[in-house]
Amino acid sequence: MRKFQKSAVLEIASGLLVIYAALWLGRWLGELSGNLLPASIMGMLLLTTALQLRWVKLAWVERTANQFVRWMSLLFVPISIGLVEHIETLLQALPAMLVTCAFATLILLVVIGKLYQHWELKSDSNNTQQSAVNEDAK
Amino acid sequence: MINFLYLPLTIALFIAAKHFQQRFSVTWLNPVLITLTILVIALLALDIPFADYNQYSGWLSKLLEPAVVALGVPLYKQLYEIKSELPRIAITILVAAAVAISSTVAMALMVGASPKIAASLAPKSVTTPIAVLISEQVAGEPALTAIAVLITGLVGAVVGIPVLKLCGVHSSKAQGIAMGTACHALGTARIAEEGHQHGAYGALALVLSATFSALLCPLIVPLFA
């Protein structure tokens, strides 16, 4: 039991170290590139690259990353509550904003989802046909 | 001292809302929306300044950046599969970004919004830090943009998955890409709860749509002026 806890703490600590290192490097690279992408997204791409190149082992970050992803929704709560500061502006523009944001978003969601799924199914069926042809050729 | 209590209160409310949602398995009862509604009403009713609330609760916002970095792990796990699909993912998202910007501006003008508000809404599907920069670039109002981004994310997080399923989109990859492109990090956070593959495609879509929108917004928005 004690051994398990010790390794869990180590895994969380090493994960935090790697993630914050990626974020810090991402911030630096972001500034160098004239803020083309924000630090966090730059850091995400750096982490993926480092894992791919085996500079970072998956075991070092997996546990911490899973927890971050699991609780990510919670992290949006305080920022969202910041809207109380803009409540007057918000109330003025609210009807137009709500209608636009809701409808445009839902339409977009369905268009992208349908488009990609259609493409995916088409290429899958092509592949199956292709492999069927290959089977026949054998 | 009392300012400190808002932090555990926020976390406790969120966990309670999450249990509530799972107990009754109703997707639209989104924990973020429930927690947000209760706290906003409480702050307004008790006249508590946001600065007081945010003094300690703001620590949670500081964890958003590392959380986005952490999405690199699901992205890496799916990378092998994603590589072969990258061209069609990129084309889908490029088209989607153009549709997102033009449909939003057109719809906003149609319901009577001023050109400034319409321009502020244009980058609504992009993650906040980039959306605010784009908004300045197209002569919008960044504070309005931040709120529009939030509303968009909440709409996606609350009804996104049920709507996709209702319209027959069941593929986890298509769902991930749709949520990441249309509803940025909040949508990605929601869809990542469904599984690693959903999360990986969501994270990739988040990055690509932010980049494409930053390039396309200054080209498309002036067309409506």
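I began with the contacts of Pro66(B) in this predicted model, and, setting aside neighbours within four places in sequence, I found Pro66(B) in contact with Ile19(A), Tyr20(A), Leu23(A) and Phe68(A). I then looked up where Pro66(B) sits, and noted that this residue belongs to helix α4 of chain B, which covers residues 64–70. For burial I counted 21 C-beta neighbours inside 10 Å, and because the threshold is 20 or more, I entered Pro66(B) as buried.

Next I turned to Ala70(B), again leaving out neighbours within four places in sequence, and listed its contacts as Ile19(A), Ala65(A), Phe68(A) and Val69(A).

I then looked up the largest nonpolar core, which holds 110 residues, and recorded that Ile19(A), Ile112(A), Ala70(B), Ala178(B) and Leu204(B) touch the most other members. Helix α9 of chain B, residues 142–166, gives this core its largest share, with 14 residues. I also noted that the core lies between domain 1 (2–62) and domain 2 (69–224) of chain B, because both domains give residues to it.

Last, I checked the division of chain B itself, and wrote down domain 1 as 2–62 and domain 2 as 69–224. Between the C-alpha centres of these two domains of chain B I noted a separation of 25 Å. Their contact, as I entered it, takes 5 residues from domain 1 of chain B and 6 residues from domain 2 of chain B. Sorting by class the side of domain 1 of chain B that touches domain 2 of chain B, I recorded 3 nonpolar and 2 polar residues, with no charged residues.

Key: Residues are numbered from 1 along each chain as its sequence is written. Chains are lettered from A and ligands numbered from 1 in the order in which they are written. This is a predicted model: local features need pLDDT of at least 70, side-chain atom pairs count only at pLDDT 80 or more; totals for chains, interfaces and linings use all residues. Domain bounds come from an automatic or database domain assignment. Two residues are in contact if their C-beta atoms, placed from the backbone, lie within 7 Å. Ala, Val, Leu, Ile, Met, Phe, Trp, Tyr, Cys and Pro count as nonpolar, Asp, Glu, Lys and Arg as charged, and the others, Gly among them, as polar. A nonpolar core is a set of buried Ala, Val, Leu, Ile, Met, Phe, Trp, Tyr and Cys residues joined through C-beta atoms within 7 Å. A residue is buried if 20 or more other C-beta atoms lie within 10 Å of its own, exposed if 12 or fewer, and partly exposed in between; C-beta atoms are placed from the backbone. Helices (H or I, at least four residues) and strands (E, at least two) are DSSP runs, numbered from the N terminus.
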